[in-house]
Amino acid sequence: RTNLPEFSLQEVSRHKTKADRIWITYKSGVYDITEFVESHPGGSSKILLAAGGAVEPFWAMYAVHKDNPEVFELLEPLRIGNISRKDLIEMQRTKKSDPNDPFASEPGRHPALAPSSSKPFNAEPPAELLVDNYITPNELFFVRNHLPVPQVDMKNYVLTVGGEGLKKHSFTLDELKEKFKHRKMVATIQCAGNRRSNMMEVKKIKGLSWGIAAISNAEWTGVFLSDILAHLGLADPEKRGELKHVQFEGLDLDPEKAPYGGSIPIEKALDPSGDVLLAWDMNGEPLSRDHGFPLRVIAPGIIGARQVKWLSKVWVSPDESPSHWQQNDYKGFAPQVDWDTVDFKKSPAIQEYPVQSAICEPKDGAVWDNEEEVTVRGYAYSGGGREIIRVDVSADGGKTWHPTELVAKPNQGYNRTWAWTLWEADVPLPKDSKGKEVELCAKAVDSAYNTQPESFKPYWNLRGVVANAWHRVHIKVED
Ligand code: HEM
Ligand code: MTE
Ligand code: MO
């Protein structure tokens, strides 16, 4: 196919909509799939995620395409050209890096992760891909980095463990793996800033405008922090004395060379039912660089901020972590507190989450082509190990509610439910919805019978954290 025209990747990226024509690349070919989108067997919305770029990363997630002759028979006639030689050479070469840029050695990322900031990298997957998988594929797991991703040389890597008045130990990763029993656990991580964009609709907030997908679920392998603390002699309550917190430090450094850090209460760390892990493996693969290679904390039921990645130090102390993110961020305040009056010492650091749920499909602004009922899908999750016992949805802005089916949920036991629940429902639409806008709402109930507040207004906070009011999505029912 050398007689076809060449296109730069930049040119390809301008073709993302029907109006501009929808182009994708596969290997060195450029394809115009505009007419194919509607007849795609996997639906017309998912295929558009690849619009303007390469399909390979998406096909890696949907293996039906791999070596499938039907796929290539459909694709090849749509070929309109080739990627320009210049871009092909550039693709082969590793990215040029600026030695002065602290972000010069960031890892590659899946194109479906929509960054809300790229330096540091923060991104969430498309919500409709999120609920397609009970276990989030590693490359789609949301990423929340406050600093550049550190480059860890395993020749020098050790984890230091100790505390005030305790003997100090250091372990290589292999030593940790040899000394302590391996544990596997499915746990959801949610950033305390998840759904901040929904809270922002009430009043502006400084901070990344997270949508509904700063949350993901994975199976983690590692060792119990409680086993390591027992090794330090802390299993004996007499020895704990004034020690109240377990602090964690990462290898990522801020411009003043202070590491990222966080801490959890010692009760959580020592509780054998607390299930706090130091994990090296995510869904059967070593942690990727973005998710904390080679070792991270999994403190299930607690906000993401305490689940320190690139873990270098575990320190037991009378005090909480001195880090900025423990002391002066990830705290909630009353709505009247603003940046002039805020005193971060006046609020405790957030640990457990409240109950949360969100509608992942349909998306806000979607046009729905059935006037009888709407299929709604989403996730629900609560902190502190509390199980999701019910999710209700409404198709009339919350006047009437319908039950949902909890289609995928964990079976982890009383106050040890660390993984999310996925739910689904066919909800009848109000009479005469044709051509009108409908407001869908969802709210979950956890095993302590906590439920989500109706609106953000009474608890809006200047950091935009723990945003868990009913999730509302507006769709238009087709005429
Ligand atoms: C299914 C073609 C892009 C997601 C299929 C099937 C074909 C196909 C032939 C049916 C396979 C079978 O059942 O044997 C193509 C072509 C593409 C493309 C020619 C060129 C651009 C994409 C992209 C995505 C995607 C970018 C996702 C982001 C899916 C899904 C299914 C599917 C979810 C259904 C899988 C299932 O039923 O288990 N596609 N596809 N496709 N495709 Fe694609
Ligand atoms: N650990 C380190 N060392 N540095 C960080 O910036 N971010 C935290 C936490 N651990 C962070 C960290 C925050 S705020 C969240 S929400 C989670 O990691 C996100 O985990 P993920 O990127 O694996 O999804
Ligand atoms: Mo976070």
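This report describes an iron site, the surroundings of a second ligand and one buried isoleucine in a predicted model.

**The iron of ligand 1**

His 40 and His 65 coordinate the iron atom of ligand 1, each name standing here for the NE2 atom, at 2.0 Å. Because the six donor atoms around the iron atom subtend angles of 88 to 179 degrees, the arrangement is octahedral. The two histidines bring together distant parts of the chain, being 25 residues apart: His 40 belongs to the loop between β4 (29-32) and α2 (56-59), while His 65 belongs to the loop between α2 and α3 (69-75). Both His 40 and His 65 are buried.

**The surroundings of ligand 2**

There are 19 residues around ligand 2, and those that come nearest are Phe 142, Asp 252, His 291, Arg 296 and Lys 309. Distances from an oxygen atom of ligand 2 to polar atoms of three residues are set out below.

| Residue | Part of the residue | Distance to an oxygen atom of ligand 2 |
|---|---|---|
| Phe 142 | backbone N or O atom | 2.6 Å |
| His 146 | polar backbone atom | 2.8 Å |
| His 291 | side-chain N or O atom | 2.6 Å |

Taken on its own, ligand 2 has 530 Å² of accessible area, of which the protein covers 100%.

**Ile 350**

Ile 350 is placed in the loop between α11 (324-327) and β19 (356-361), and because its relative accessible area is 11%, it counts as buried. Apart from neighbours within four places in sequence, the residues in contact with Ile 350 are Ile 303, Arg 306, Tyr 330, Lys 331, Gly 332, Val 465 and Val 466. Asp 153 lies 197 residues from Ile 350 along the chain, and the C-alpha atoms of Ile 350 and Asp 153 are separated by 33 Å.

Terms used
Residues numbered from 1 in each chain as written. Chains lettered and ligands numbered in written order. Predicted model: local features only at pLDDT ≥ 70, side-chain atom pairs only at ≥ 80, totals over all residues. Heavy atoms only, no water. Helix = DSSP H or I, 4+ residues; strand = E, 2+ residues; numbered from the N terminus. Buried < 20%, exposed > 50% of the residue type's maximum accessible area, 1.4 Å probe, protein only. Contact = heavy atoms within 4.5 Å. Donors = N, O, S within 2.8 Å, 3.2 Å for Na, K, Ca; no water. Tetrahedral: all angles 85-135°; square planar, octahedral: opposite > 155°, others 65-115°. Near = heavy atom within 4 Å. Polar contact = N/O pair within 3.5 Å; in protein donor to acceptor, adjacent residues only side chain to side chain. Areas by Shrake-Rupley, 256 points an atom, 1.4 Å probe, with all protein chains shown as cover.
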